[in-house]
Amino acid sequence: MSNADRHRRIAQTVRDSGGATVQELAKLTGASDMTIRRDLDTLAAQGVLERVRGGARPLLLRGEEPPFALRAHEAVDAKRRIAAAVCALIADGESVVLDSGTTCLEVARFLRERPVTVMPLSLQAIHLLGETPGPATLVVPGGQPRAAEGALTGPLTLASLAALRFDTAVIGCCGLSAADGLTAYDLDDAAVKKASIASARRTVVATDGGKLGRTAHAYVGPSTLLHTLVTDTTADADEVTALEGAGTLVKTA
């Protein structure tokens, strides 16, 4: 088991079980107690869990947004498939505003190899697109990064979005349903998503199936604003049908 796979298994177990001991995690992963202790220290430093004597417990209450470091290890294969399918919808020469979040970061990995213009809304994606020369043209917005998330928000981000027009907005979400529309955990993040949608000719939402049918507290807009949803095979069939009935084209990766 690789380090990333072990970290993912540990994080999931601690979150689902409400806590776990070093010995339990060692038995689960086949790693030594010393390795598990180092893993727990690493995950605690990333804000994924809380280190306690003899093991670890989750940091999150139900309904809170999981930290970026944890989400980055979840459903990785599905996010990459979704990202590839999103990029297949984007033509060479397009201008794209790219939302923050782990799925959109995977989209950035594909877009950096394409002759497109991209304005990313997270520090992680800006770094990824800017670290090596490539055919993609990078446009950097203003804004203040949210702690631990790297997502850009605030008046400067909104002003950057208002000053430009894009062919496509690629948006992530915390929740999406036909009934409650697109939602986010953070009010500032919701405002940036609204502005991104308003600045683009079409909106493509990229999210794994676990977000469908869920509702977070910060409202972004109705599902009728969305041109296309790209998701995976875990998406609830009834929710997909409802979104299609409201006019959203759904593609499964």
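**Figure 1. The whole chain has the radius of gyration you'd hope for in a compact globule.** A globule built from 253 residues should have a radius of gyration near 18 Å, and the protein chain comes in at 19 Å, so the two agree. Keep in mind that this is a predicted model. Lay the C-alpha trace along its principal axes and the chain spans about 55 × 45 × 30 Å. Ten helices and 15 strands make up its list of elements. How much of the chain is buried? Buried residues account for 50% of the 253. Looking at contacts with a separation of 6 or more, 58% of them link residues that sit 24 or more positions apart.

**Figure 2. Here is the surface of the chain, along with its charges.** The accessible surface adds up to about 11600 Å², and carbon and sulfur atoms own 53% of that area. As for charge, you can count 27 positive and 29 negative side chains. The centres of those two sets lie 4 Å apart. Side chains of opposite charge can pair when their charged atoms come close. In this structure, there are 14 salt bridges, and the next three views zoom in on some of them.

**Figure 3. Arg-51 and Asp-41 join up in a salt bridge.** The N to O distance between these two side chains is 3.1 Å. Which elements do the partners come from? Arg-51 belongs to strand E2 (residues 49-52), while Asp-41 belongs to helix H3 (residues 33-45), so this pair ties together parts that are ten residues apart in sequence. Arg-51 is partly exposed, because its relative accessibility is 28%. Asp-41 is partly exposed too, at 44% relative accessible area.

**Figure 4. Glu-113 meets Arg-112, its partner in a salt bridge.** The side chains come together with an N to O distance of 3.9 Å. Are the two residues buried or exposed? Glu-113 has 55% relative accessibility, so we call it exposed. Arg-112 has 21%, so that one lands in the partly exposed group. While we're on the topic of salt bridges, Arg-80, Glu-106 and Arg-109 are joined into one network by bridges that share partners.

**Figure 5. Lys-211 and Asp-208 form a salt bridge away from the exposed class: both are buried.** The closest N and O atoms of this pair are 3.9 Å apart. Look at the burial of each partner, and you'll find that Lys-211 and Asp-208 both count as buried.

**Figure 6. Ser-100 sits in a loop, and is buried there.** The loop in question runs between strand E4 (95-98) and helix H6 (102-111). Why call Ser-100 buried? Its relative accessibility is 10%, and buried means under 20%. Which residues does Ser-100 touch, if you skip its neighbours within four places in sequence? The contacts are Leu-121, Ser-122, Ala-151 and Asp-189.

**Figure 7. Gly-221 is a buried residue in a strand.** You'll find Gly-221 in strand E13, which covers residues 218-221. With a relative accessibility of 3%, this glycine counts as buried. Setting aside neighbours within four places in sequence, Gly-221 is in contact with Gly-181 and Leu-182. Now find Ile-197: this residue and Gly-221 are 24 residues apart in sequence, and their C-alpha atoms are 9.3 Å apart in space.

**Figure 8. Leu-138 belongs to a strand and is partly exposed.** The strand is E6, residues 137-138. Leu-138 has a relative accessibility of 32%, so the label is partly exposed. Which residues are in contact with Leu-138, leaving out neighbours within four places in sequence? They are Val-118, Pro-120, Ile-126, Leu-129 and Gly-130. For a sense of distance, try Ala-190: Leu-138 and Ala-190 are 52 residues apart in sequence, with 23 Å from C-alpha to C-alpha.

**Figure 9. Asp-5 is a partly exposed residue in helix H1.** This helix takes in residues 3-17. The relative accessible area of Asp-5 is 34%, which means Asp-5 counts as partly exposed. How far is Asp-5 from Thr-42? In sequence they are 37 residues apart, and in space the gap is 14 Å, C-alpha to C-alpha.

Conventions:
Residues are numbered from 1 along each chain as its sequence is written. This is a predicted model: local features need pLDDT of at least 70, side-chain atom pairs count only at pLDDT 80 or more; totals for chains, interfaces and linings use all residues. Side-chain values use heavy atoms; hydrogens and water are left out. Helices (H or I, at least four residues) and strands (E, at least two) are DSSP runs, numbered from the N terminus. Buried means under 20% relative accessible area, exposed over 50%, partly exposed in between (1.4 Å probe, protein chains only). Contact means heavy atoms within 4.5 Å. The radius of gyration is taken over C-alpha atoms; the globule rule is 2.2 Å times the number of residues to the power 0.38. Accessible areas come from the Shrake-Rupley method with a 1.4 Å probe; for residues, only the protein chains shown count as cover. Lys and Arg count as positive and Asp and Glu as negative; His and the chain ends are not counted. The place of a charge is taken as NZ of Lys, CZ of Arg, CG of Asp or CD of Glu. A salt bridge is a side-chain nitrogen of Lys or Arg within 4 Å of a carboxyl oxygen of Asp or Glu.
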